[in-house]
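Let's take a walk through a protein chain together, one stop at a time. Keep the picture open while you read.

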Amino acid sequence: MATFLAFGEIMLRLSPPGRELLLQTPRLDVWVAGAEANVVTQLARLGHDVGMATMVPDNDLGRSAIACLRGHGVDTRHIVTGGDRIGLYFVTSGAGMRATEVIYDRAWSSFAQAPVAAWDWDTLLDGVDRLHLSGITPALGPVPADSAIAAVEAASARGIPVSFDGNWRGKLWERWDSDPRAILTRLVEHADLMFGNHRDIALLLGRDFSADAEDRRREAAEAAFAAFPRLRTIASTARHVEHVDLHRLSARIDTRDAHVQTDEVVLAGIVDRIGGGDAFAAGVLHGIRSGADLADVARIGLALAALKHSLPGDASLFRQADVDAYLAGGLDVRR
């Protein structure tokens, strides 16, 4: 049985080849995508038992998405079929001083229209020891928001830990008469592990924090721990963008009585940054499940986030040997 279960939407990502503009030439590359699916895909590649709960249409697009996840080792038994369409989004990769741009086309998707009653949590959570979801699901509309709340409430009632990634998507929240703070607060109340930074916490608590970066991060974490009794760990990254192909990235983990902060790593020659946060989340979950200490958990999360920048598409697809090689600093050919 799956021990990690993710709940969220599976989509297709369409991108023009290379650094072209959208429809500059009549071709699009396609990848199976979705924040939660990315996390369990990477966890499966690292050898964990994982499952995905979602809905896709019963057509070639939906079946292809299921086959893709199954091929990476994800338990797809709880992916149900229904509705008429799979959600899409378009990514035009930036270059130099031109930023990457995202266009969503996911309204009326099968998952977004699935009623709350579509999810039988007694069955879905059987044998599960961690539920993972993100702030993207409630951003899709009032019904997906209610489904996400029902999911975390069901997990809490069964004593199952919940990890929650803020994954703020302003373009999605703006599409409907939403109250992000109220909805996200109801979700984070059930989480023991949160992926998010001081901006996410500021939204949840309706307050600002210190201007100093180091003080701000700890101040925000302590405020979140005070506000959410179940919360035990907050994991985040900090990114400094020089230009599209050159970033600096660091990782941080806060607990109630300690924190660790990694040094920055330089990410040069970036292939694709989309999905880096999901890779980080998978790395942190992997490190915690493997019994690593706090500093190593942060390093593993940062390693997978950095490696994802070398890979096109949404999902991080690395094995433990890749993580070990990265942490060992080996960039020569592995023969």
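Is histidine 240 buried, partly exposed or exposed? Before we settle that, keep in mind that what you are looking at is a predicted model. To find histidine 240, look in strand β11, which covers residues 233–243. Its relative accessibility is 35%, and since anything under 20% would be buried and anything over 50% exposed, histidine 240 counts as partly exposed. Setting aside its neighbours within four places in sequence, histidine 240 is in contact with Leu246, His247, Arg248 and Glu264. Now look for valine 80: the C-alpha atoms of histidine 240 and valine 80 are separated by 40 Å, and the two residues are 160 apart along the chain.

Let's zoom out for a moment. The chain's secondary structure adds up to 13 helices and 14 strands. Its C-alpha atoms fill a box of roughly 50 × 45 × 40 Å along the principal axes. Is that what you'd expect from a ball-like fold? A compact globule with 335 residues would have a radius of gyration near 20 Å, and the chain has 19 Å, so the two agree. Buried residues account for 56% of the 335 residues. Here's another way to look at the folding: take the contacts between residues at least 6 apart in sequence, and 67% of them join residues at least 24 apart.

What about the outside? The accessible surface is about 14,400 Å², and 52% of that belongs to carbon and sulfur atoms. As for charge, there are 35 positive and 44 negative side chains, and the centres of these two sets lie 2 Å apart.

Next stop: strand β4, residues 50–56. How many of its seven residues are buried? Seven of the seven are, so the strand is largely enclosed by the rest of the structure. In a regular strand, side chains alternate between the two faces of the sheet. In β4, both faces are covered: Val50, Met52, Thr54 and Val56 are buried on one side, and Gly51, Ala53 and Met55 are buried on the other.

Who are the neighbours of β4? Strand β1 (residues 4–7) runs parallel to β4 and is joined to it by four bridges. For instance, phenylalanine 7 has alanine 53 as its bridge partner in β4. Strand β5 (residues 79–81) also runs parallel to β4, with three bridges joining them. There, methionine 55 has valine 80 as its bridge partner in β5, and that is the valine 80 we met earlier.

Stay in β4 and pick out valine 56. With 0% relative accessibility, valine 56 counts as buried. Leaving out neighbours within four places in sequence, its contacts include Ile10, Gly62, Ile66, Val80 and Ser110. The C-alpha atoms of valine 56 and serine 134 are separated by 18 Å, with their positions 78 residues apart along the chain.

Finally, two backbone oddities. Most residues other than glycine have a negative phi. Tryptophan 108, though, has a positive phi near 65°. Tryptophan 108 sits in the loop between β7 (101–105) and α3 (110–113), and at 62% relative accessibility it counts as exposed. Asparagine 167 also has a positive phi, near 40°. Its home is the loop between β9 (162–165) and α7 (170–173). Is asparagine 167 buried or exposed? At 15% relative accessibility, asparagine 167 counts as buried.

Key. Residues are numbered from 1 along each chain as its sequence is written. This is a predicted model: local features need pLDDT of at least 70, side-chain atom pairs count only at pLDDT 80 or more; totals for chains, interfaces and linings use all residues. Side-chain values use heavy atoms; hydrogens and water are left out. Helices (H or I, at least four residues) and strands (E, at least two) are DSSP runs, numbered from the N terminus. The radius of gyration is taken over C-alpha atoms; the globule rule is 2.2 Å times the number of residues to the power 0.38. Buried means under 20% relative accessible area, exposed over 50%, partly exposed in between (1.4 Å probe, protein chains only). Contact means heavy atoms within 4.5 Å. Accessible areas come from the Shrake-Rupley method with a 1.4 Å probe; for residues, only the protein chains shown count as cover. Lys and Arg count as positive and Asp and Glu as negative; His and the chain ends are not counted. The place of a charge is taken as NZ of Lys, CZ of Arg, CG of Asp or CD of Glu. Two strands pair if DSSP finds at least two bridges between them.
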